[in-house]
Amino acid sequence: MRTALNDCPDGRQIKWWDPGSTRVEWELELSELSDSELQEIAELYDGVEGTLGAFTFLDPTGNLFSWSEDLDQPVWEKTGPLEVHQGVPDPLGNNRASRIGNTTAGILSVQQTLNAPAWFHYCFSVYARSDSGPRVSLFRQTASETHLLEQPLTPSWTRLIFPAQREDPNESLTFGLRLEPQTALEVYGLQVQAQFAPSRYRATSSASGVYKDAHFQNEVWAATTDGPGRHSCVLRIAARTT
């Protein structure tokens, strides 16, 4: 974070946090890279002209959803009159879960679109429960295809997991929940990560783990060859959080 400082004529100093300059940095120690993986990194670095150009970076352990605990935010699209109630008891003993219900005769969904490459490995996870025991479908959708994973629900909180990777050229994708007619359930910890399996849930507000204006911090990029088809390097990446 950066602090703006103003020196007054009478000798006083006024300091104020500058939220517009807040940023996050990563130091990635990569090893056992194949020849093709090393070449892809080199092409990206050259393509953005080192530290000059920007690229999209997905926090490897971050939650790519924004407003993960507020389904009333505009980023959550609802396909119909889906009922949402906040402040429901969650599996951690707090009141940060939501109850969603479909009282119509059709299938309804709640979903969020991510401005992230559709061909990455992703893992969609959510804690869910229902006293009536219906099923819920987790889905991953792009402009060209939709994939569903139907999961049964019980009165106990269960973490539902939907890992997905497709050879899809789209530059955005959508994850969400699809409810059958006349069903209701409680959900907590909605999360999408750019990895094979879920890690600890990370709550988000307006910011998410998708950084559209990331920059390399390596003025000089170099790799070490540890053997045939085995390379390693250290990459430093920074991005603003606002």
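Me: What makes strand S7 and S14 a pair in this model?
Reply: The model is predicted. In it, five bridges join strand S7 (residues 97-102) to S14. Pairing needs at least two bridges found by DSSP, so five are enough. The two strands run antiparallel. Glycine 101 shows one contact of this kind: its bridge partner in S14 is alanine 184.

Me: How do you know that strand S9 also pairs with S14?
Reply: By the same bridge count. Six bridges join strand S9 (residues 122-129) to S14. The threshold is at least two, so S9 and S14 count as paired. They run antiparallel as well. Tyrosine 127 stands opposite tyrosine 188 in S14.

Me: What makes strand S14 mostly covered?
Reply: Strand S14 spans residues 183-193, and ten of its eleven residues are buried. Buried here means under 20% relative accessible area. Across the protein, buried residues make up 41% of the 242 residues.

Me: What holds the strands of a sheet together?
Reply: Strands pair through backbone hydrogen bonds, in a parallel or an antiparallel sense.

Me: Which strands are the edge strands of the five-strand sheet, and how do you know?
Reply: The sheet is open, with the order S5-S8-S13-S10-S11 and antiparallel pairing. Strand S5 (77-78) and strand S11 (146-152) are its edges, as each pairs on one side only. Within that order, strand S10 (residues 135-141) and strand S13 (residues 173-179) pair over six bridges. Serine 137 has arginine 178 in S13 as its bridge partner.

Me: Why is the contact of arginine 230 with glutamate 32 called a salt bridge?
Reply: The side chains meet at 3.0 Å, N to O. The limit is 4 Å between a nitrogen of Lys or Arg and a carboxyl oxygen of Asp or Glu, so this contact qualifies. Arginine 230 lies in strand S17 (residues 230-240) and glutamate 32 in strand S3, so the pair ties together parts that are 198 residues apart in sequence. Arginine 230 itself is partly exposed, at 35% relative accessible area.

Me: What is notable about the phi of glutamate 32?
Reply: Phi of glutamate 32 is near 55°, a positive value in a residue other than glycine. Most residues other than glycine have a negative phi. Glutamate 32 sits in strand S3 (residues 23-33). Glutamate 49 also has a positive phi, near 60°. Glutamate 49 is found in the loop between H1 and strand S4 (55-58).

Me: Why is glutamate 49 called exposed?
Reply: Its relative accessible area is 57%. Exposed starts over 50%, so glutamate 49 passes.

Me: Which residues form the salt-bridge network, and what is the N to O distance between aspartate 131 and arginine 129?
Reply: Arg99, Arg129, Asp131 and Glu186 are linked in the network. Aspartate 131 and arginine 129 meet at 2.3 Å, N to O. That is within 4 Å, so the pair counts as a salt bridge. The structure holds nine salt bridges.

Me: Are aspartate 131 and arginine 129 buried or exposed, and how do you know?
Reply: Aspartate 131 has a relative accessible area of 62%, which is over 50%, so aspartate 131 is exposed. Arginine 129 is at 12%, under 20%, so arginine 129 is buried.

Me: What makes arginine 166 and glutamate 145 a salt bridge?
Reply: Their closest N and O atoms are 3.5 Å apart. The cut-off is 4 Å, so the pair is accepted. Arginine 166 lies in the loop between strand S12 (158-164) and S13, and glutamate 145 in the loop between S10 and S11, so parts 21 residues apart in sequence are tied together. Arginine 166 is partly exposed at 35%. Glutamate 145 is partly exposed too, at 23%.

Me: Why is alanine 42 called buried?
Reply: Alanine 42 has 17% relative accessibility. The limit is under 20%, so alanine 42 counts as buried. Alanine 42 is found in helix H1.

Me: What makes aspartate 46 fit for a negative surface patch?
Reply: Aspartate 46 lies in helix H1 (residues 35-47). Its relative accessible area is 56%. Patch members need over 30%, so aspartate 46 meets that condition. The negative patch is formed by Glu37, Glu40, Glu43 and Asp46.

Definitions and conventions. Residues numbered from 1 in each chain as written. Predicted model: local features only at pLDDT ≥ 70, side-chain atom pairs only at ≥ 80, totals over all residues. Heavy atoms only, no water. Patch = residues over 30% accessible without salt bridge, like charges linked within 9 Å, V, L, I, M, F, W, Y side chains within 5 Å. Areas by Shrake-Rupley, 256 points an atom, 1.4 Å probe, with all protein chains shown as cover. Lys, Arg positive; Asp, Glu negative; His and termini not counted. Charge placed at Lys NZ, Arg CZ, Asp CG, Glu CD. Helix = DSSP H or I, 4+ residues; strand = E, 2+ residues; numbered from the N terminus. Buried < 20%, exposed > 50% of the residue type's maximum accessible area, 1.4 Å probe, protein only.
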